[in-house]
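Notebook open, coffee poured. I want to look up how this chain is put together, starting with a sheet and working outwards.

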Amino acid sequence: MSLVEVLPSVLVRTSERYVTNTTVVRLGGDRCLVVDPAILPADLDALADELEAASLEVVAGWSTHPHWDHVLWSSRLGALVTRHATPEAAAFCRERRAELLAQIDAAAPGHELELCCRLEPGLPAELAESCRVVAHRAHAPGHGSLFFPRRSLLVAGDMVSEIEIPLLDDDSTDPVGEYLGGLDLLEQLVPAVEVFVPGHGAIGDGAELGRRIAADRRYLSALLAGEEPDDRRLGTPWLAAEHERHLALVRGR
Ligand SMILES: [Zn+2]
């Protein structure tokens with residue numbers, strides 16, 4: 001798999017594991033932002049090779065949320081390049097760093113752990129004009145999707161996937177309510193989106209974004225109503241298990 005141009009100056013690389021997407025946004029000249037580089041050490045190496053071949057220099061990173069597969073980094077992307085996230089996600093990574101590093105090491109051994117899970121709060125200054133952080137608490141604390149209005153691009157993070165059901169955050173006091181709130185924010189962007197990139201699964205256009213939001217809402221309504229969701233994503237065993245976790249979460253409240 002290699003970098004594919006999904007919009008002018010926007011490249012996506014998809015790793016086989018969990019169909020995980022890494023987004024590269026050209027910022028002008030040979031400079032670029034890398035969002036959620038993932039997922040195995042070999043993927044990060046291949047990404048670095050491809051960026052080098054394209055003469056692109058990484059000047060900043062963004063993590064959409066503080067889960068192990070979205071806070072990775074490698075010295076080949078630039079050990080001194082600052083990686084950013086929402087203030088809540090950056091704080092979460094500081095507080096729970098040991099736990100996240102253990103998860104990285106267990107799931108994808110070989111990463112340069114000293115570089116992973118180190119995030120500065122807020123957007124890099126040079127993106128302040130061209131990019132908006134869509135922050136909410138669906139799926140994880142401090143989830144920050146990135147919306148680039150002039151490019152009509154949404155880098156969604158771990159939402160609106162055609163292969164994964166909405167995955168609720170155990171630590172939230174209102175996991176379904178906060179998830180629905182996040183979907184509401186993304187829905188406002190539908191008319192302005194030409195391309196969206198989910199953390200896992202296929203890239204789509206604005207119409208597809210609308211369909212995915214509707215599918216996620218259907219799943220969550222069924223969950224709240226105590227009905228069995230009619231959702232083909234539950235055919236995947238680990239997602240069926242996540243659905244059982246959600247049932248317990250909803251019942252416990
Ligand atoms: Zn996640």
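Before I call anything a sheet: I count two strands as paired if DSSP finds at least two bridges between them. I also note that this is a predicted model.

**Entry 1, the sheet.** I looked up an open sheet of four strands and got the order β8-β9-β10-β11, with mixed pairing. Which strands stand at the edges? They are β8 (132-136) and β11 (195-198); each has a single partner strand, so one side of each is left without a neighbour in the sheet. I then checked the twist: on average, neighbouring strands here are turned by 20 degrees against each other, direction ignored.

**Entry 2, one strand pair.** I zoomed in on β9 (residues 143-148) and β10 (residues 153-157), which pair in the antiparallel sense over three bridges. F147 has L154, in β10, as its bridge partner. Looking for what packs on the sheet, I found helix α5 (residues 175-187), which touches β8, β9 and β10. The direction of α5 makes about 155 degrees with that of β8.

**Entry 3, the cores.** General reminder to self: in soluble globular proteins, nonpolar side chains tend to be buried together. Here the largest nonpolar core has 26 residues, and the members touching the most others are L154, V160, L186 and L220. I asked which elements supply at least two residues each, and β10, α5, α6 (206-225) and α7 (237-251) all do. With five residues, α6 gives the most to this core.

L154 turned up again, so I listed its contacts, leaving aside neighbours within four places in sequence. Among them are S145, L146 and F147, then L186 and L189, and further along V193, V195, F196, V197 and L209. I also found a second, separate core of 18 residues, including W68, L100, C117 and L119.

**Entry 4, the whole chain.** Stepping back, I tallied seven helices and 11 strands. The radius of gyration is 17 Å, close to the 18 Å that the globule rule gives for 253 residues, so the chain is as compact as a globular protein of that length. Its C-alpha atoms fill a box of roughly 50 × 40 × 30 Å along the principal axes.

How much of the chain is buried? I get 55% of the 253 residues. I also looked at contacts between residues at least 6 apart in sequence, and 62% of these join residues at least 24 apart. Last item: the chain exposes about 10800 Å², with carbon and sulfur atoms supplying 52% of it.

Definitions and conventions: Residues are numbered from 1 along each chain as its sequence is written. This is a predicted model: local features need pLDDT of at least 70, side-chain atom pairs count only at pLDDT 80 or more; totals for chains, interfaces and linings use all residues. Side-chain values use heavy atoms; hydrogens and water are left out. Axes are lines fitted to C-alpha atoms, for helices over the stretch in contact, and angles run from 0 to 180 degrees between N-to-C directions. Contact means heavy atoms within 4.5 Å. A nonpolar core is a set of buried Ala, Val, Leu, Ile, Met, Phe, Trp, Tyr and Cys residues joined through side-chain atoms within 4.5 Å. Buried means under 20% relative accessible area, exposed over 50%, partly exposed in between (1.4 Å probe, protein chains only). The radius of gyration is taken over C-alpha atoms; the globule rule is 2.2 Å times the number of residues to the power 0.38. Accessible areas come from the Shrake-Rupley method with a 1.4 Å probe; for residues, only the protein chains shown count as cover.
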